[in-house]
Amino acid sequence: MVRSIAAALDRSAQGDEIAEEIERRAARVAAAAEGRGPVTFAYLIWTKPWMSVNRDTFAHALLSNAGGVNVFADREERYPEVSIEELRKASPDLFLLCTEPFPFGSGHAADLSLDLDIPEDRIQIADGEY
């Protein structure tokens, strides 16, 4: 995509540089994940209602490349609503609370920990700006 945008702007050389850096970083992540067991995750982007991501999202692709398994990947909706009961039943290894579009913070992690009756260290804030 970076290359096609750069070509449309008549900046193919710059696009190639950016794309190659992205490819190098992706290869390092994939190599670091190689040989490790998968980590199941729920990537949450909203609360009231809780919303996650399916397999057709950038967040899913990034985390999958790093060895993650999205517990809501097979949902039909790109950004499915999920209930506390569904989160509990899915029981991923890791709950990621993204700071975009909803500004999740540590208080939300503490609340979710209580709601799910799980240790707070299974919940991490994910910087969504990237």
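Contact here means heavy atoms within 4.5 Å. With that in hand, helix α5 of this predicted model is a good place to start. The helix spans residues 106-116, and Ala109, Leu112, Ser113 and Leu116 are buried in it. These four sit on the same side of α5, because they cover an arc of only 105° around the axis. That fits a general pattern: an α-helix has 3.6 residues a turn, so residues three or four places apart point the same way. As for what covers the buried residues of α5, the list includes two elements from earlier in the chain, β1 (39-44) and α4 (84-90), along with the strands β3 (94-98) and β4 (123-126). Just after the helix comes Asp117, with a positive phi of about 55°.

Turning to charged pairs, the whole structure holds seven salt bridges. One of them joins Arg3 to Glu23, with the closest N and O atoms 2.9 Å apart. This pair ties helix α1 (residues 2-8), home of Arg3, to helix α2 (residues 12-33), home of Glu23, across 20 residues. Arg3 is partly exposed at 33% relative accessible area, and Glu23 is partly exposed too, at 42%.

Another bridge brings Arg55 and Asp74 together at 3.5 Å, N to O. Arg55 lies in the loop between β1 and α3 (58-65), and Asp74 in the loop between β2 (68-70) and α4, 19 residues apart. Arg55 is partly exposed at 48%, whereas Asp74 counts as exposed at 69%.

Glu86 pairs with Arg75, their closest N and O atoms being 2.9 Å apart. Here helix α4 supplies Glu86, and the loop between β2 and α4 supplies Arg75, eleven residues away.

Definitions and conventions
Residues are numbered from 1 along each chain as its sequence is written. This is a predicted model: local features need pLDDT of at least 70, side-chain atom pairs count only at pLDDT 80 or more; totals for chains, interfaces and linings use all residues. Side-chain values use heavy atoms; hydrogens and water are left out. Buried means under 20% relative accessible area, exposed over 50%, partly exposed in between (1.4 Å probe, protein chains only). The arc is that of the directions from the helix axis to the C-beta atoms. A salt bridge is a side-chain nitrogen of Lys or Arg within 4 Å of a carboxyl oxygen of Asp or Glu.
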